[in-house]
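Reader: Could you take me through a protein structure, one step at a time, and explain the terms as we go?

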Amino acid sequence: MTELTTTPVSALKSAARLIASAKPRQRLSFLNSLDDGELVALRYLFPFWAMPHQIPPEGGWRAWVILGGRGAGKTRAGAEWVRSLAEGPTRTDAGEARHIALVGDTFDQVRDVMIEGESGLLRVSHPSQRPDWLPSRKLLKWPNGAEAHVFTSRDPEGLRGPQFDAAWVDELAKWPKAQDTWDMLQFALRLGQSPRACVTTTPKNVPVLRRLLDRPDTVTTHATTFDNAANLAPAFLDAMTATFAGSRMGRQELDGVLLADVEGALWTTEMLAQALVDHAPALDRVLVAVDPPVTGHKRSDACGIVTVGVTQTGPPETWRAYVIEDATVSAASPGVWAQAAIAAYHRHGADRLVAEVNQGGEMVEQIIRSFEPLISYRAVRASKGKSARAEPVAALYEQGRVSHLRGLELLEDEMGLMTARGFEGDGSPDRVDALVWALHQAMILPAADFVRPRMRSL
């Protein structure tokens, strides 16, 4: 096999930086100037091929967190980072790190993804500098003597005693003993001038990841699944888009966004993922609910506007609701939000527009009727707090009786922050308030009216 060191690594890196910014003609000239050995080596020169989120940031960070969707190239970035530390300029020269920890959820996942996987350390390493994999010892050993030891989140105590100058941590957000394992790893990162960890993970709103991201010595890079589309099967991208695009789960698993679920949320990401549908059936009734802001200047709350449709064939326990659209407008004047609500009413052929009037009283109806005098309108007034109103609506979701069409991500983000204690996000949950009013009027109150006559006849 051709040695990677046919051309010094530093020279190839300089050439890579130049050629990456060169014109196509210059690139072709550069490639034609390389001999066979150099062309082989170029395949393993990751800075030449890497995407921006796969390049370690500058500075004195202690943890580099790569947040990304499925298939965004996180594993390749982690493996290449370890390789860049372990390898020296030649096969036997020392690199920056000699003692490295590889930490994953289980031994099988470390082996199958981080070491033997398509983007794992064995696959990305040039044959002349490829480490030996000793599974019985849970050890990778490079020709220059650098070593990487395997640890798992299932055994945090396994990190008590060893010491390292670098660590690659994969899928931290899904570990069952994440905080304990991460803490033990921090004690073990104590060799060299600047011991560091690279964390590659699909984001999930768990305490260990939130705390890590909040630290001043943590840096992050981010990518979506689609940023790495050139290296993914088109059929995979088509399937993921068809299944998850426009959903809260898609934002987490494809866009790599850290969703703000909170402990005790009335609606969880999993619950909302199960509610996702591509279309609604023929609907028996459609309502638009409006939660007007108190004022209409640029610092006022948004005006929540949510459209819901229902099927009401059979007894109430068989009724289903479909959240069709979130047409919320931000910091809008009364004229703007009224026209937005009326437009949603006509767009979906709604049977009624309902609006909360605790703040605006009769003025809310006057504003709406000034634009649409004959609109079917109903005022609703809150007698309970937001959480108390939301809980019976959340119960409909637990029963699997509410579905969401795509494109409701901002509404779903607010839902993930509503708890029995109250709303734990910034500002007011205007979208959730509108949703709750819509489902109360479309599902809960009609069901109560349906049941009362039967109760009186017993």
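Reader: How many of the seven residues of strand E9 are buried?

Author: This is a predicted model, in which local features need pLDDT of at least 70, side-chain atom pairs count only at pLDDT 80 or more, and totals for chains, interfaces and linings use all residues. Residues are numbered from 1 along each chain as its sequence is written, and side-chain values use heavy atoms, with hydrogens and water left out. Buried means under 20% relative accessible area, exposed over 50%, and partly exposed in between, with a 1.4 Å probe and protein chains only. Strand E9 (a DSSP run of E, at least two residues, numbered from the N terminus) spans residues 285-291 and is mostly covered, the number buried being six.

Reader: Which strand runs antiparallel to E9?

Author: Two strands pair if DSSP finds at least two bridges between them. In E10, Ile-305 is the bridge partner of Val-290, and Gly-304 is that of Asp-291. Seven bridges join E9 to its antiparallel partner, residues 304-311, which is strand E10.

Reader: Which strands are the edge strands of the sheet?

Author: The sheet is open and has six strands with mixed pairing, in the order E13-E12-E9-E10-E11-E14. Each edge strand pairs on one side only, and these are E13 (377-380) and E14 (402-404).

Reader: Within what arc do the buried residues of helix H3 fall?

Author: Helix H3 (a DSSP run of H or I, at least four residues) covers residues 36-43, and its buried residues are Gly-37, Glu-38, Ala-41 and Leu-42. The arc is that of the directions from the helix axis to the C-beta atoms. Seen down the axis of H3, the buried residues line one face of the helix, because they fall within an arc of 140°.
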